[in-house]
Amino acid sequence: MSKLKTVKPKKEKIRKERSPKNRKGLATFASVLVVAVACAALLMWALPNLPVKPQTEQPISYQGVVEMWNVESFEGGVGSREGWLTNRAAKFEAGNKGLFVHVTTLSVEQVETKLAEGQTFDMICFSRGVGNLVKEQLTAYTGSVGAIKDNYLISGQLEGSLYAVPIYSGAYCLFARTEQLSEDRLLSDALTAKFTRKIGKNTIELQPLVTGFTPYNSPLSALALSGGKGKASVSEDVTQYQAYEKFVANQTAVTLLGTQRDMYRLSQRESNGKIDKLAFAPLAGYTDLVQYVAISQTADDKAEACVEFIEYLTSDEAQRSLVNLSLFSVLDATFFTTDRYVECEGSLRSAYVPNVFGDADAIANQRKTAKATLNM
């Protein structure tokens, strides 16, 4: 009897159907992949064709210390001029890693001693009187002068080339108590108006004018070139601060021929009720109260950094900050809002500025010419 062979049926492969959730995930992944590939392709095409953004402020290659001598030969306004230079240097250094501008303030006598000892500087900040001492050490300036006024630029030239770049300015002006001399007569009568005062049992007569001198300035030139007339009987031994003190004491002169420093001091007194109301007039014809910066012939690899720093000092940003010192910008711009300062600022646009490299003889002759002109 034959055995029956049992045949087992083949198991069918059961295909697992993907759930709707899985199908959705795959579709999303595929979409993201397509978008990513498209974006990558677009970037590869676009990047080489994008405009290159210009670098307007390239860091200076020199790294190290740039030495600046700062010589102040006339009164400022308010605050520290050395501090202003140091703060400007800090701003400049922030954009030039590894570069430092070191400011050292010196007297004229100290500069003479250092030069005699063979010491030198990379930059020097100075005014009239010092220019003649250092002119042989300087190199011509080749940087931008921006919006510096022409009458200032000419004063920094030697043999037709710019050697000294003006960075800030002072101004001459007249003051008198309105009870002694009215503002509309201040300029015309500055050298003639007298006033009699009674102090206790004593009667004193105030002379017309008092003014202060430095070894290098000529305040009477400002009066002469602004239309003043009369005999100038003034002592050249009086300093700028002594003239201010004499005027405040009200026992010497009716009128003070002062500067921007006096304008600050007297305005403070006036606002605090410590002096009577004042008449004021700016002297628009002349100023020698100007500070310059120049570069040494020995600056060598530092020369580019020196040029860049001078360009920064004469920029709108740096010049605008001079308002905080009550000093005037050398730019053809208006930064002040207070009336007296606005008047002075405007008057300096047309002022005659003498050459900063004038020697002692030139300054002495200018003083004589001023007195002769006033007395004509």
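The following conversation takes a predicted model and asks what stands behind some of the words used to describe it.

Biologist: What does the chain hold in terms of helices and strands, and how much of it is buried?

Modeller: The chain has 13 helices and 13 strands, and buried residues make up 45% of its 376 residues. Among contacts between residues at least 6 apart in sequence, 77% join residues at least 24 apart.

Biologist: Why are β9 and β12 called edge strands?

Modeller: The sheet is an open one of five strands in the order β9-β10-β11-β8-β12, with mixed pairing. Because β9 (195-199) and β12 (278-282) each have a single partner strand, one side of each is left without a neighbour in the sheet, and they therefore stand at its edges. On average, and with direction ignored, neighbouring strands of this sheet are turned by 30 degrees against each other.

Biologist: What makes β9 and β10 a pair?

Modeller: Two strands pair if at least two bridges are found between them, and five bridges join β9 to β10 (residues 202-211), so the condition is met. These two strands run antiparallel, and Arg 197 stands opposite Ile 204 in β10.

Biologist: How do you know that the span of α9 is close to what is expected?

Modeller: Helix α9 (residues 260-271) has twelve residues, and the distance from its first C-alpha to its last is 16 Å, set against an expected 16 Å at 1.5 Å a residue. At the N-terminal end, Thr 259 acts as a cap, with a side-chain oxygen 3.1 Å from the backbone nitrogen of Arg 261. After the helix comes Gly 273, whose phi is positive, near 70 degrees.

Biologist: Where does α9 lie, and which of its residues are buried?

Modeller: Helix α9 lies across β8 (172-177), β11 (253-259) and β12, running at about 125 degrees to β11. Its buried residues are Gln 260, Asp 262, Met 263, Arg 265 and Leu 266, and they pack against β8, α8 (240-249), β11, β12 and α12 (339-347).

Biologist: Why is Ser 347 called buried, and what does Ser 347 touch?

Modeller: Ser 347 has a place in helix α12, and its relative accessibility is 9%, which is under the 20% limit, so the residue counts as buried. Its side chain reaches the backbone oxygen of Cys 344 at 2.7 Å. Not counting residues up to four places away in sequence, Ser 347 touches Pro 282 and Ala 284.

Biologist: Why is the pair of Phe 126 and Phe 357 called tilted?

Modeller: A pair of aromatic rings is described by the distance of the centres and the angle of the planes. The centres of these two rings are 6.3 Å apart, which is within the 6.5 Å limit, so Phe 126 and Phe 357 pair. Their planes stand at 45 degrees, neither under 30 nor over 60, and the pair is therefore tilted. By this rule the count comes to 13 aromatic pairs, and Phe 92, Phe 309 and Tyr 312 form one aromatic cluster.

Biologist: What parts does this pair tie together, and how do you know that Phe 126 and Phe 357 are buried?

Modeller: Phe 126 lies in strand β3 (residues 123-126) and Phe 357 in the loop between α12 and α13 (360-374), so the pair ties together parts that are 231 residues apart in sequence. Because buried means under 20% relative accessible area, the 0% of Phe 126 places that residue among the buried ones, and the 5% of Phe 357 leads to the conclusion that Phe 357 is buried as well.

Terms used:
Residues numbered from 1 in each chain as written. Predicted model: local features only at pLDDT ≥ 70, side-chain atom pairs only at ≥ 80, totals over all residues. Heavy atoms only, no water. Helix = DSSP H or I, 4+ residues; strand = E, 2+ residues; numbered from the N terminus. Axes fitted to C-alpha atoms, helices over the stretch in contact; angles between N-to-C directions. Contact = heavy atoms within 4.5 Å. Expected span 1.5 Å × (residues − 1). Buried < 20%, exposed > 50% of the residue type's maximum accessible area, 1.4 Å probe, protein only. Polar contact = N/O pair within 3.5 Å; in protein donor to acceptor, adjacent residues only side chain to side chain. Phe/Tyr/Trp six-rings, centres within 6.5 Å; stacked < 30°, edge-to-face > 60°.
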